[in-house]
Amino acid sequence: MDIINKFINLVAPLTGFFTLFLFLPPFYIYKFFISSLNALFSECMGNKVVLLTGASSGIGEQIAYQYAKKRASLALVARRENRLQEVAERARSLGAPDVLIFPADVAKSEDCKRFIEETVNHFGRLDHLVNNAGIGTVCMFEDAPDLSNFSPVMDVNFWGAIYPTYFATPHLKKTRGRVVVNASSAGWLPVPRMSFYNQGAAIINFYETLRVEFGPDIKITIATPGWIESEITQGKFLSKEGEIIVDQEMREVQVGVFPVGYAEECAKAIVNSACRGERYATHPAWFKVLYLYSIFCPEVVDWLFTHR
């Protein structure tokens, strides 16, 4: 076996490069053609049902409005019932024919099962599941006094996307629907003080695997927005003591010179990408440059964040 691996180590880079050189041009021409068709014939959301978590503020709130403008019926999930009621009222005024609200905690499996089942019982179907709920945290790893204080980040950001997807899967298969997951560009950017939040990489790889497992039965769009106006960019974090705080000084340290995009524009990009059947949605678009740097010259990205 060792001889075989040595042979593959020698041959694979050469054949791989040569194959890519021949394969990439026609492949990207094909992708451009398909993308153009999808842009012209994007999915019509009228009479369809969208369930959205983290719908009470920020990107989630604006995603609700974008789907409402497309006349989709909505099931909105968040912990703050009063904010959900306000979002639901505006969504109806923008065109959503029917809106349900579910005060719930996505970190609890039983809550997720309940709001998925009640949504399907009410509407009779589920077409898009948008996993958007998330909380941020800012702390250097070595300064963490107790690692268990950061459990809520994994509970909400990771399991809070997995639980709804698990319970929604049989219903999405019936409609050949779509899962949209907000993983954040932090999933591939090594932003300091956000090591716990940056577990978005786990979400990205999880849904890349589901994309293969589901095949054409359920489509997947992975959103990786950059700095977008939200409670996180306003300084609301989970502190190293495990408490939700608002820290404007730390907000300035984290965001720094990076421009903060509008939540409405980000939501529009995510919903349009989902309706066009795209695999990814990154907003603002220039963040894609940082992704390329992180792949081809990660040392530059490391230096950038080390010296900012």
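This report describes selected features of a predicted model, from its salt bridges and cysteines to individual residues and a surface patch.

## Salt bridges

The structure contains ten salt bridges. One of them joins arginine 83 to glutamate 61, with the closest N and O atoms 2.9 Å apart. Arginine 83 belongs to helix 3 (residues 81-94) and glutamate 61 to helix 2 (residues 58-69), so this pair ties together parts that are 22 residues apart in sequence. The two partners are covered to the following extents: arginine 83 is partly exposed, at 21% relative accessibility, whereas glutamate 61 is buried, at 14%.

Arginine 83 also meets the side chain of glutamate 86 in a salt bridge, at 2.4 Å from N to O. In this case both residues lie in helix 3, three residues apart, which is about one turn of the helix. Glutamate 86 is partly exposed, with a relative accessible area of 45%. Glu61, Arg83 and Glu86 are thus linked in a network of salt bridges.

Another salt bridge is formed by aspartate 127 and arginine 125, whose closest N and O atoms are 2.6 Å apart. Aspartate 127 is buried, with a relative accessible area of 2%. Its partner, arginine 125, is partly exposed, with a value of 32%.

## Cysteines without disulfides

A disulfide is a covalent bond between the sulfur atoms of two cysteines. The structure holds zero disulfides. Cysteine 266 takes part in none, and the nearest cysteine sulfur, which belongs to cysteine 275, is 15 Å away. Cysteine 266 is buried, and its relative accessible area is 0%.

Why does cysteine 275 form no bond with the closest cysteine sulfur? The closest cysteine sulfur is that of cysteine 44, and because the distance to it is 8.8 Å, it is too far for a bond. The cut-off for a disulfide is a pair of cysteine sulfur atoms within 2.5 Å. Cysteine 275 also counts as buried, at 4% relative accessibility.

## Threonine 224 and its surroundings

Threonine 224 is located in the loop between strand 6 (219-223) and strand 7 (236-238). Is threonine 224 buried or exposed? With a relative accessible area of 5%, threonine 224 is buried.

The side chain of threonine 224 makes a polar contact with the side chain of threonine 282, at 2.7 Å. When neighbours within four places in sequence are set aside, threonine 224 is in contact with Ser184, Ser185, Trp188, Ile204, Ala281, Thr282 and His283.

## Alanine 281 in strand 9

One of the contacts of threonine 224 is Ala281. Alanine 281 is placed in strand 9 (residues 280-281), and it is buried, with a relative accessible area of 5%.

Apart from neighbours within four places in sequence, the residues in contact with alanine 281 are Thr221, Ile222, Ala223, Thr224, Pro225, Ala269, Ile270 and Ser273. Proline 225 stands 56 residues from alanine 281 along the chain, and the C-alpha atoms of the two residues are separated by 7.4 Å.

## Arginine 211 in helix 6

Arginine 211 is part of helix 6 (residues 200-214). How much of arginine 211 is accessible, and does that make it buried or exposed? Its relative accessible area is 13%, and arginine 211 is therefore buried, since that term applies under 20%.

Leaving aside neighbours within four places in sequence, arginine 211 is in contact with Ile220, Ile222, Arg279 and Tyr280. Ile222 is also among the contacts of alanine 281. Between the C-alpha atoms of arginine 211 and phenylalanine 17 the separation is 26 Å, the two residues being 194 apart along the chain.

## A nonpolar patch on the surface

Which residues form a nonpolar patch on the surface? They are Leu20, Phe23, Leu24, Phe27 and Tyr28, which together have about 470 Å² of accessible area.

One member of this patch, phenylalanine 27, is found in helix 1 (residues 2-40). Phenylalanine 27 is partly exposed, and its relative accessible area is 30%.

How values were computed
Residues numbered from 1 in each chain as written. Predicted model: local features only at pLDDT ≥ 70, side-chain atom pairs only at ≥ 80, totals over all residues. Heavy atoms only, no water. Patch = residues over 30% accessible without salt bridge, like charges linked within 9 Å, V, L, I, M, F, W, Y side chains within 5 Å. Areas by Shrake-Rupley, 256 points an atom, 1.4 Å probe, with all protein chains shown as cover. Salt bridge = Lys/Arg side-chain N within 4 Å of Asp/Glu carboxyl O. Helix = DSSP H or I, 4+ residues; strand = E, 2+ residues; numbered from the N terminus. Buried < 20%, exposed > 50% of the residue type's maximum accessible area, 1.4 Å probe, protein only. Polar contact = N/O pair within 3.5 Å; in protein donor to acceptor, adjacent residues only side chain to side chain. Contact = heavy atoms within 4.5 Å.
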